[in-house]
Amino acid sequence: FNLELHRRVEDKTQQLNAVNQELRQIIEEHCRDSRALEQAQEKYTNFVENTLTGIYLLEHDRISFCNSRFAALLGYAREELTDRKITDILRPVEPGMRQELAGKGWGEANFDATGAEQLCRGRTSKGNCIWLKTSRAQILVGGELLIVGNAVDVTEQIEAETVLIRSERELRDLSAQLMTAQEEERQRIAGDLHDGIGQQLSVIKFSIERVLEGVRGAIPSEQEEE
């Protein structure tokens with residue numbers, strides 16, 4: 001009986017050792033996967049936080065995540081933007097300005113579109129307005145459709161384009177005013193010439209008539225007609 005019990009104990013021990021070995025392998029694989037996941041998360045975090053582009057994630061049009069760059073662009077702390085409506089921060093461009101900027105190669109801005117780059121106005125924490133070039137993409141996370149977007153500050157470029165647009169508009173207005181003034185001046189000069197020449201011809205006519213009146217009868221009628 002003791003021998004049989006010892007044999008059974010040895011069999012169970014071998015089975016337990018095999019199970020333990022399998023568990024150790026599973027744990028080691030899990031640890032390797034966890035380290036790989038931590039490294040991937042660290043790389044992803046470093047990439048997201050150190051990129052020069054502002055990145056944000058939308059759930060039902062509210063900001064659920066943004067990186068430090070996006071918060072810095074608008075002058076907020078990251079936690080201040082969490083759960084804020086995106087329309088409180090970013091707004092579409094006015095139609096008139098949108099058309100003028102589209103003519104400069106910035107493209108038609110459609111605030112609700114995804115994929116293509118677009119322009120929008122950003123409102124900072126101090127109430128100032130900045131220009132942002134943004135793009136959006138839809139992603140599926142856990143069966144839920146989310147929107148990830150990025151934003152780049154292009155305020156200097158847009159302000160330069162705005163100054164150029166304003167200068168071009170003023171130049172067109174000035175050219176139109178100049179053409180109108182030139183046309184009015186031409187009409188005035190033509191009128192002055194017409195009136196001046198008419199007056200001079202009238203003076204000449206009266207002078208000739210007075211001369212003829214003075215010499216009439218002193219010369220033969222044939223010569224007077226000539």
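Visitor: How many aromatic pairs does the count come to?
Guide: This is a predicted model, in which local features need pLDDT (the predictor's confidence in each residue, from 0 to 100) of at least 70 and side-chain atom pairs count only at pLDDT 80 or more, while totals for chains, interfaces and linings use all residues. Rings of Phe, Tyr and Trp (its six-membered ring) pair if their centres lie within 6.5 Å. By this rule the count comes to 1 aromatic pair.

Visitor: Is the pair of Tyr-56 and Phe-70 stacked, edge-to-face or tilted?
Guide: Planes under 30 degrees apart count as stacked, over 60 as edge-to-face and the rest as tilted. Tyr-56 and Phe-70 are 4.9 Å apart, centre to centre, with 40 degrees between the planes, and the pair is tilted.

Visitor: How many residues apart in sequence are the parts that this pair ties together?
Guide: Helices (H or I, at least four residues) and strands (E, at least two) are DSSP runs, numbered from the N terminus. Tyr-56 lies in strand β1 and Phe-70 in helix α2, so the parts tied together are apart in sequence by 14 residues.

Visitor: Is Phe-70 buried or exposed?
Guide: Buried means under 20% relative accessible area, exposed over 50%, and partly exposed in between (1.4 Å probe, protein chains only). Phe-70 has 0% relative accessibility, so Phe-70 counts as buried.

Visitor: Which element supplies the largest share of the largest nonpolar core?
Guide: A nonpolar core is a set of buried Ala, Val, Leu, Ile, Met, Phe, Trp, Tyr and Cys residues joined through side-chain atoms within 4.5 Å. The largest one has 18 residues, of which Ile-63, Phe-70, Leu-81 and Leu-132 touch the most other members. At least two residues each come from β1 (54-59), β2 (62-66), α2 (68-74), α4 (86-89), β5 (129-141) and β6 (144-153). The largest share, 4 residues, comes from α2.

Visitor: How many residues are in the other core, which includes Val-93?
Guide: This core lies apart from the largest one. Leu-119, Trp-131 and Ile-158 are also among its members, and the size is 5 residues.

Visitor: Which residue has its charged end over the ring of Trp-131?
Guide: A charge sits over a ring if NZ of Lys or CZ of Arg is within 6 Å of the ring centre and within 35 degrees of the ring normal. Side-chain values use heavy atoms, with hydrogens and water left out, and residues are numbered from 1 along each chain as its sequence is written. At 4.3 Å from the ring centre of Trp-131 sits the charged end of Arg-121.
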